[in-house]
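Trainee: Could you walk me through this one, starting with how the helices pack?

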Amino acid sequence: MTTQVIVVNGGSSSGKSGIIRCLQAILPDPWLALGTDTMVAALPPAMRASDAGIEFAADGQVGVGPGFRALEAAWIEGIAAMARAGARIVVDEVFLGGPYSQQRWQKALDGLRVLWVGVRCEAAVAAGRELARGDRAVGMAATQAAAVHRGVTYDLEVDTTHTEAVECARAIAARVG
């Protein structure tokens, strides 16, 4: 059975998006890239800064409310349905809830062949990338660097602190069956 979904989890500015772009270029079949940022961008503007939706604090903390959680649950089920319909999908995730976040995905993806990938990056390096990007709340990268991995299990881990995205993507591609 071939891999149907690759779930890539890591903190903000860890290098997930670059790895995923490289994966899409080197994997022989087409893979859709979908993730948290895609979902947040699809939210109505009023939910991008509210207690019911998602809030990004000045110190980099992220808070999510019940409205966001309900839409996120539907989002996860929708991605699972697309994979069951034959689409190959790379999920770009930030497991703010640690193992609870992973369990929600595991439940939705039950019966599918999934490759679980952790993307690590030293907090100071991720924070430097965050500053260079200029599109994130300062502090988010450092806050998330280790927290999103606590209690989460992976088939493979890569570290972008000193390794280029394409090398990480090659390591992941080698595990895709």
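**Helices, sheet and cysteines**

Mentor: Helix α3 passes helix α4 in a right-handed crossing, where right-handed means that the near helix is turned clockwise from the far one by less than a right angle, and left-handed means anticlockwise. Please keep in mind that this is a predicted model, in which local features need pLDDT of at least 70 and side-chain atom pairs count only at pLDDT 80 or more, while totals for chains, interfaces and linings use all residues. Residues are numbered from 1 along each chain as its sequence is written, and side-chain values use heavy atoms, with hydrogens and water left out.

Trainee: At what angle do the axes of α3 and α4 cross?

Mentor: The axes of α3 (residues 66-84) and α4 (residues 99-108) cross at roughly 40 degrees and come within 9 Å. Axes here are lines fitted to C-alpha atoms, for helices over the stretch in contact, and angles run from 0 to 180 degrees between N-to-C directions. The helices and strands themselves are DSSP runs numbered from the N terminus, with H or I of at least four residues for a helix and E of at least two for a strand. α3 and α4 are therefore oblique to each other, given that angles under 35 degrees count as roughly parallel, over 145 as roughly antiparallel, 65 to 115 as roughly perpendicular and the rest as oblique.

Trainee: And which residues make that contact?

Mentor: On the α3 side they include Arg-69, Glu-72 and Ile-76, and on the α4 side they are Arg-104, Trp-105 and Ala-108, where contact means heavy atoms within 4.5 Å. Sorted by class, the residues of this contact are five nonpolar, five charged and no polar. Ala, Val, Leu, Ile, Met, Phe, Trp, Tyr, Cys and Pro count as nonpolar, Asp, Glu, Lys and Arg as charged, and the others, Gly among them, as polar.

Trainee: What about α1 and α7, how do their axes cross?

Mentor: The axes of α1 and α7 cross at roughly 55 degrees and come within 8 Å, and the crossing is right-handed. Among the residues that meet there are Cys-22 and Leu-23 in α1, with Cys-168 and Ala-169 in α7. This contact has ten nonpolar residues, one polar and one charged.

Trainee: Okay, switching to the sheet: in what order do the strands come?

Mentor: Five strands form an open sheet in the order β2-β5-β1-β6-β7, with parallel pairing, and two strands pair if DSSP finds at least two bridges between them. β2 (32-35) and β7 (156-159) are the edge strands, each pairing on one side only. Neighbouring strands are turned against each other by 20 degrees on average, direction ignored.

Trainee: How many bridges join β1 to β5?

Mentor: Five bridges join β1 (residues 5-10) to β5 (residues 89-93), and Val-8 stands opposite Asp-92 in β5. Helix α1 (residues 16-26) packs on this sheet, touching β1, β2, β5, β6 (114-120) and β7, and its direction makes about 175 degrees with that of β5. Helix α7 (residues 165-173) lies across β1, β6 and β7, running at about 170 degrees to β7.

Trainee: Last thing, how many disulfides does the structure hold?

Mentor: The structure holds zero disulfides, a disulfide being a pair of cysteine sulfur atoms within 2.5 Å. For Cys-22, the nearest cysteine sulfur is that of Cys-168, 8.9 Å away. The sulfur of Cys-121 is 9.6 Å from its closest cysteine sulfur, in Cys-168, which is too far for a bond.
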